[in-house]
Amino acid sequence: MFLDLKKFKSKNMQKLLLIALSFIFITAANSQNTKCVTTETWKKYQEKNPSAEARKQELEKFTKKWIEGKQTKINGQVISIPVVVHVIYYYDEDNISDEQIYSQIDVLNEDFRLLNSDSLDENHPFWFNTADSEIEFCLANVDPFGNLTDGITRTYTDSVEFIDRDNLKFSASGGEDNWDPNSYLNFWVFPLSNGLLGYATFPSDLNANPELDGVVVSTSAFGTFGNLNPSNNLGRTATHEVGHWLNLRHIWGDDFCGDDFVGDTKPAEEANYNCPSFPHRDFNSCGTNENGEMFMNYMDYVDDACMNMFTFGQVDRMWATLSSSRVDLLSSIGCDDVSDIQEFTSNNFKLYPNPNCGQFTIEFIEKTSNLEILDILGKQVFFLKDNNELSVKIDLTSKIKSGTYFIRSLDSKNNKLHKLVIK
Ligand SMILES: [Zn+2]
């Protein structure tokens, strides 16, 4: 904005104009602060749920111990977290395309695996801190009921705005219920108001309020494809919010020189915005050196194009979370590829639905006499002998527990094992 004050001849007019301008700038600064309201949402939640603070402290204690004890994960162990994206819309244009959703999953996989093309080069002083989290994301293949899914739900709402924002997390109030948060990362995508880009729940509240668990991202900041804010068009809002969901704090610890409980991020006075040039706030009042603050960290507030890294310390916190509050994600079958048994890839049968609750149907292309189901240790738990039917309904609900099993024909030359999942 360019204004020539001299054009306003009266000094009083100039003063009034300056007051008005400073009001505009303060308002603009405040609107910048609403970029992510994870901390604010948690504080409001904590007012209603006083035990939330103790739960947070408890997880913090575990995290510290886990990291100090170097109980780091097995090197090279990569987890793929099943994702479901709940698109909530009133206007058709907010019912975003599959491509926009795919572009967001791609960004998460690049950013969390340090495959992002804008990562720091090896001459940068912070390059040594850049870390591959070995966490990946996939749109779920299997829904909580064991049915095949594309990992996307679409819900029309008659609300252009949810007065209580969390209402978008509930079907009863016009939104969409989350899927089992122990097994899925739930995203809700909705046009948030007042420039807000997103917010997430912390893992310490998962058990107490599973129905709230997940990440909310504004439609205009989700993915890299579609009608996006120019400053938030690289999918980094979701990267930042998933960081919170895995127990990361803002880089400035939500306080002046606050603590983010990570050793290898640099102390920061407060949030950074836009696109600072390096070094930024060198020798700041909380004790940075000549390299200044790590504003390019995903847990700061800079524009998407200017953030590009997690640190090793942040990765440790995420894995401490995956070893405690969110440990069930490690055994989620949401990303399993079950297509090989949905189709006639076996020479002579198909089984559906898969996964299932112990009741399923086997259809044979030709009459087959013998077929067996094995548990994960190879022990036979079911044997279909001298079958004479083209279609057989089987009920094992009272005979076998939930888990992964294998099924194979004993008559075909191609007696390949196929995965069968009982929920
Ligand atoms: Zn945040």
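**Exercise 1. Work out how strand S8 pairs with S11, and place both in their sheet.**

Step 1: S8 covers residues 359-364 and runs antiparallel to S11, with 5 bridges between them. Strands here are DSSP runs (E, at least two residues), numbered from the N terminus, and two of them pair if DSSP finds at least two bridges.

Step 2: Look across the pair, and phenylalanine 360 sits opposite isoleucine 394 in S11.

Step 3: Zoom out to an open, antiparallel sheet of 3 strands, ordered S7-S8-S11. S7 (349-352) and S11 (391-395) are its edge strands, each pairing on one side only.

A word on the model: it's predicted, so local features need pLDDT of at least 70 and side-chain atom pairs 80 or more, while totals for chains, interfaces and linings use all residues. Numbering starts from 1 along each chain as its sequence is written, and side-chain values use heavy atoms, leaving out hydrogens and water.

**Exercise 2. Describe the site of the zinc ion.**

Step 1: List the donors (N, O and S atoms within 2.8 Å of the metal, or 3.2 Å for Na, K and Ca). They come from Cys36 (SG), His240 (NE2), His244 (NE2) and His250 (NE2), at 2.0 to 2.2 Å.

Step 2: Check the angles. They span 97 to 119° among the 4 donor atoms, giving a tetrahedral site; that label needs all angles between 85 and 135 degrees.

Step 3: Read off the spacing, C-x203-H-x3-H-x5-H. Cysteine 36, in the loop between helix H1 (11-33) and helix H2 (38-48), and histidine 244, in helix H5, are 208 residues apart.

Step 4: Test burial. Cysteine 36 and histidine 244 are both buried, meaning under 20% relative accessible area with a 1.4 Å probe, protein chains only.

Conventions: Helix = DSSP H or I, 4+ residues; strand = E, 2+ residues; numbered from the N terminus. Tetrahedral: all angles 85-135°; square planar, octahedral: opposite > 155°, others 65-115°. Buried < 20%, exposed > 50% of the residue type's maximum accessible area, 1.4 Å probe, protein only.
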